[in-house]
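The following note sets out some points for consideration when examining this structure. Each point may be read beside the sequence and the coordinates.

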Amino acid sequence: MTASAPTPPAAVSPPEPEVGSRIGFQRTILVTAVLFGLAIGVFEITNTSIGWHLASGRWMLEHREVLDHDVFSFTSGGAEWIDHEWLFQIIVAVLFDLGGAPALVIMRMLIVAALMLLLVRVGTTSGLDPPVALLLAAICVFAARPRFFLRPELFTLLLLPLAMWLFARRRHTRWWPLPLALVIALGVNLHGAILVAPILIAVWFGGEVLEQVIQRNINRSAFISGAIGVAAAFLSPLLNPHGWLIWTVPFRLAEMVRQPHIPNPEWIAPGPADAPTLYLAMAFAAVALVLGSRSPKNWLTTAATAALALKHIRNIGLFFVLLPQSVAAALARWPMLAPGRTLSPARARVRIAVCLALVAVLGVVALARPWPRNGFTFAERWYPDRAWRFLAENDLLEGPLYNDVRFGGWLILHGYPERQVFLDDRNEIHEPLLREIWEIFGRSDVGGWEELLDRWRIDTVLLRYHEPIRVTTPDGEDLGRRGFSTLWFHSERWATVYWDDVAMALVRRSSVPEALLAEREYVHLDPDDLEHLVGTLRGNPDLRPMIAAEVRRALSDDPQCRRALDLAACLESLGGD
């Protein structure tokens, strides 16, 4: 009897429900990442520089050339300007003309959503389970949220981790450096901070080489491809209108902000109280690397990005968006965080549910934060719109206007080309003027300050509020804490004619009609000196009715003015009318 040959088993395909379930799971991760990114990016516009960025883009579209000198301020004398953010300015100008402020906010939402997708991809390609990669990406994006202003840095926060990921995942093919070079070349025309990409890529590559040396296993093809990638990363920034000069910009700015006359909070070194999340994240990264990675490239890259963040507070966002690249592989060495069959189906579902729930909580926290508010507009309580309209309606914009640096960009957007500004937050343009002002303030030279204002023929002033300054006489007598405007715009020469929660407007007495002063001047109330005013009210009841009348007038201009409402409540508590 001849035995029949056994029938070969049929090829087994994954059952359709499992395939559908896996596809649905992946779609859930991606949709959650996009929704989280959109939620993180949907807040009002609050940064001071967006105005001159928009005006620069409009100027270049109109003149068909890249700006190389200042056209927006009357104090700079048309100073030379390396506008290394020209492409960002053109992009936002086009979007703003098409869709106004909502178009700009939507642009930010899409960039943050793209960043979320990228960081999830970084995590999964490093070995993390998709829901864990989603949670890591969400934590990093949430922590970087304070840097998501509508300014060129926004693009760097997306393109820098993309460049690092392209280098880390490179393939040994002839054309692989091309996308890396294109990303960096694009970034350098959007924002100068992308210039850290070649340096960090070189650090990562150095870690790879060191690892091979330690293991005594030199991979010649990997070394050659890496060296070509590093060269491409360093050469690609030259593809910009300014050529090699682009490399001088960050060094020049970094050197400039070290000067005492250019105080810029973005360039300070953050301490634990300034950035507690940064220090927590650095501790977390150190623990993750100690427990899960002996790779020098991860250690060196984490150290380099941490050093950047510790040097300047403006680099904290870069640290967080690059953190998944540094620690994801180390985290993936923990079985509970990596995909596979190390967990039972029930526990795997719990892991998925926990990760999705935590991401949802982060999204709700971001949306619930009181400032900046969620919305698609310029923040009403950040820009001097009401004060500007008051000055225009009362014909007080005929001559040069002194403006606070925070208002410069907004005034450029709304006033140029008819009007130029006194200064804005482009430190490289206004360095000589900032030095002169700092020297005047440093020696308490009221006469020098008045001479500066006279030299520029300033008759109208638009100020923001400042923290009160402790004032002492030359003999050491303590005169208490006084407001900036009280010290530098003395009431003998200047009259306050408008104020709200954002700004106050002053005019030179000799330059305006008496009727305007009689109708609009705040004789007894200085909104920039409220601390001193409250003390005066407590000791002088006769002044309260006059202050109350001026408070009512301020509330008639802006019924929601918080300063006026607080002062009205104070008067009521003191028994004023």
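1. In this predicted model, Glu153 and Arg151 are both buried. Their side chains meet in a salt bridge, with an N to O distance of 3.7 Å.

2. Arg151 also forms a salt bridge with Glu266, and here the closest N and O atoms are 2.7 Å apart. Glu266 lies in the loop between α9 and α10, whereas Arg151 lies in the loop between α4 and α5, so this pair ties together parts that are 115 residues apart in sequence. Both Glu266 and Arg151 are buried.

3. With which other arginine does the side chain of Glu266 meet in a salt bridge at 3.2 Å, N to O? The partner is Arg147. This pair, too, links distant parts of the chain, 119 residues apart: Glu266 is in the loop between α9 and α10 (276–292), and Arg147 is in the loop between α4 (130–144) and α5 (153–168).

4. The burial of these two partners can be stated in figures. Glu266 has a relative accessible area of 15% and is therefore buried, the cut-off being under 20%. Arg147 has a relative accessible area of 9%, so Arg147 is buried by the same cut-off.

5. The pairs above belong to a wider arrangement: Arg147, Arg151, Glu153, Glu266 and Arg314 are linked in a network of salt bridges. For context, a search of the whole structure finds 32 salt bridges.

6. As to the chain as a whole, there are 577 residues, of which 51% count as buried. The secondary structure comes to 22 helices and six strands. The C-alpha trace spans about 125 × 55 × 50 Å along its principal axes.

7. Internal voids deserve a separate point. Three cavities of 30 Å³ or more are found when the whole structure is searched. The largest cavity has a volume of about 60 Å³, and the second largest has a volume of about 40 Å³.

8. Which residues line the largest cavity? They are Trp81, Ile82, His84, Val249, Arg252, Leu253 and Glu428. Helix α9 (residues 248–256) supplies three residues, the largest share of this lining. By class, the lining of the largest cavity divides into four nonpolar residues, one polar residue and two charged residues.

9. The second largest cavity is lined by Trp388, Leu401, Asn403, Leu411, Gly415, Arg419, Gln420 and Val421. Strand β1 (401–403) and helix α15 (408–415) each contribute at least two residues to the lining of the second largest cavity. Its residues comprise four nonpolar, three polar and one charged.

10. Strand β5 (residues 494–499) contains Tyr498, and Trp499 lies in strand β5 as well. Are these residues buried or exposed? Tyr498 has a relative accessible area of 3% and therefore counts as buried, the limit being under 20%. Trp499, at 0% relative accessibility, is buried by that limit also.

11. Each of these aromatic residues may be placed relative to a residue further along the sequence. The C-alpha atoms of Tyr498 and Glu521 are separated by 7.6 Å, with their positions 23 residues apart along the chain counted as the separation. For Trp499 and Leu555, the C-alpha to C-alpha distance is 9.8 Å, and the two are 56 residues apart in sequence.

12. On the surface, Leu210, Val213, Ile214, Ile218 and Leu300 form a nonpolar patch, with about 460 Å² of accessible area together. Helix α7 (residues 196–215) provides three residues, the largest share of the nonpolar patch.

13. Where does Ile218, one of the residues of this patch, lie? Ile218 is in the loop between α7 and α8 (220–235). Its relative accessibility is 53%, and Ile218 counts as exposed because the cut-off for that class is over 50%.

Conventions:
Residues numbered from 1 in each chain as written. Predicted model: local features only at pLDDT ≥ 70, side-chain atom pairs only at ≥ 80, totals over all residues. Heavy atoms only, no water. Patch = residues over 30% accessible without salt bridge, like charges linked within 9 Å, V, L, I, M, F, W, Y side chains within 5 Å. Areas by Shrake-Rupley, 256 points an atom, 1.4 Å probe, with all protein chains shown as cover. Salt bridge = Lys/Arg side-chain N within 4 Å of Asp/Glu carboxyl O. Helix = DSSP H or I, 4+ residues; strand = E, 2+ residues; numbered from the N terminus. Buried < 20%, exposed > 50% of the residue type's maximum accessible area, 1.4 Å probe, protein only. 1 Å grid on protein atoms, 1.4 Å probe; cavity = no way out; pocket = protein on both sides within 12 Å on 5 of 7 lines; lining within 4 Å. Points joined across faces, edges and corners; volume = space filled by probe spheres on them. Nonpolar A, V, L, I, M, F, W, Y, C, P; charged D, E, K, R; others polar.
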